[in-house]
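Work through the exercises below with the sequence and the coordinates open. Each task is followed by a solution in steps.

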Amino acid sequence: LDLLERTDRDRREFVASVSHDLRTPLASLEGYLELLEDHESLTAEERRDYVGIARRRARHLSRLVDQLFELAKLESGDVQPRTEPFNLGELTQDVLQGMRPRATRRGVRLVCRMPRELPEVDGDLGLLERALSNLVENALKYMGQGGTVVVHLTRTVKGVRWSVHDDGP
């Protein structure tokens, strides 16, 4: 019964978190669309800016919905991970490189600490890339301005241990 109660509590917390994550870009999108609809006095440049922002919010919302759909498929067992050997260090460097511009704008340092040589791991490259991206994105999202996000890879008896740490709350 204790496990069932914990699982139920975790699901409720997850639904609340997802609702918040969806509500924020949706409210922003709605606000910019209302501005475009209600104000004929906007200049062409202002309209272009607002349409650009609304498009970015819509894409963000679409990505969130896609992630939810993928999570539901994973939980239901509809998706079977496709494992292949790859270098987790290279994947980590690629993910961090892609996030560097966003981190720089926020004054956040992205650091990767790992030994010179790591063994290849067997895993689903796409799922692991998404997992690391989500962890680093969350660290950046909740950190605010400044600080450091450290991704640490260490050798273990079974392969590689991957951890993400940040200075945020």
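The exercises treat a predicted model and go from its largest nonpolar core to a helix pair and then to two side chains.

**Exercise 1. The core**

Task: Find which residues touch the most other members of the largest nonpolar core, and which elements supply the core.

Solution.
Step 1. The core has 20 residues, and those touching the most other members are Leu88, Leu110, Val136, Leu140 and Val149.
Step 2. Two or more residues each come from α3 (88-105), α4 (125-143) and β4 (148-155). Helix α3 gives the largest share, 6 residues.
Step 3. Take Leu110 and set aside residues up to four places away in sequence: its contacts are then Leu96, Met99, Arg100, Ala103, Val136, Leu140 and Val149.
Step 4. As background, nonpolar side chains in soluble globular proteins tend to be buried together.

**Exercise 2. The helix pair**

Task: Describe how α3 and α4 cross, and classify the residues of their contact.

Solution.
Step 1. The two axes, those of α3 and α4, come within 10 Å and cross at roughly 30°. The crossing of α3 and α4 is right-handed.
Step 2. On the α3 side the contact is made by Leu91, Thr92, Val95, Leu96, Met99, Arg102 and Ala103. On the α4 side it is made by Leu125, Leu128, Glu129, Leu132, Ser133, Val136, Glu137, Leu140 and Lys141.
Step 3. Sorted by type, the residues of the contact of α3 with α4 are 10 nonpolar, 2 polar and 4 charged.

**Exercise 3. Leu128 and Trp162**

Task: Place Leu128 and Trp162 in their elements, assign an exposure class to Leu128 and to Trp162, and list the contacts of Leu128 and of Trp162.

Solution.
Step 1. Leu128 is in helix α4, while Trp162 belongs to strand β5 (residues 160-166).
Step 2. The relative accessibility of Leu128 is 26%, so Leu128 counts as partly exposed. Trp162 has a relative accessible area of 25% and is therefore partly exposed. The class runs between the limits of 20% and 50%.
Step 3. Not counting residues up to four places away in sequence, Leu128 touches Phe86, Leu91, Gly123 and Trp162. The C-alpha atoms of Leu128 and Leu91 are 8.7 Å apart, with their positions 37 residues apart along the chain.
Step 4. With neighbours within four places left aside, Trp162 is in contact with Leu88, Leu91, Thr92, Leu128, Leu132, Val151, His152 and Leu153. The side chains of Trp162 and Thr92 make a polar contact at 3.1 Å. The C-alpha atoms of Trp162 and Leu132 are separated by 9.1 Å.

Definitions and conventions: Residues numbered from 1 in each chain as written. Predicted model: local features only at pLDDT ≥ 70, side-chain atom pairs only at ≥ 80, totals over all residues. Heavy atoms only, no water. Core = buried A, V, L, I, M, F, W, Y, C linked by side-chain atoms within 4.5 Å. Buried < 20%, exposed > 50% of the residue type's maximum accessible area, 1.4 Å probe, protein only. Helix = DSSP H or I, 4+ residues; strand = E, 2+ residues; numbered from the N terminus. Contact = heavy atoms within 4.5 Å. Axes fitted to C-alpha atoms, helices over the stretch in contact; angles between N-to-C directions. Left-handed = near helix turned anticlockwise from the far one by under 90°. Nonpolar A, V, L, I, M, F, W, Y, C, P; charged D, E, K, R; others polar. Polar contact = N/O pair within 3.5 Å; in protein donor to acceptor, adjacent residues only side chain to side chain.
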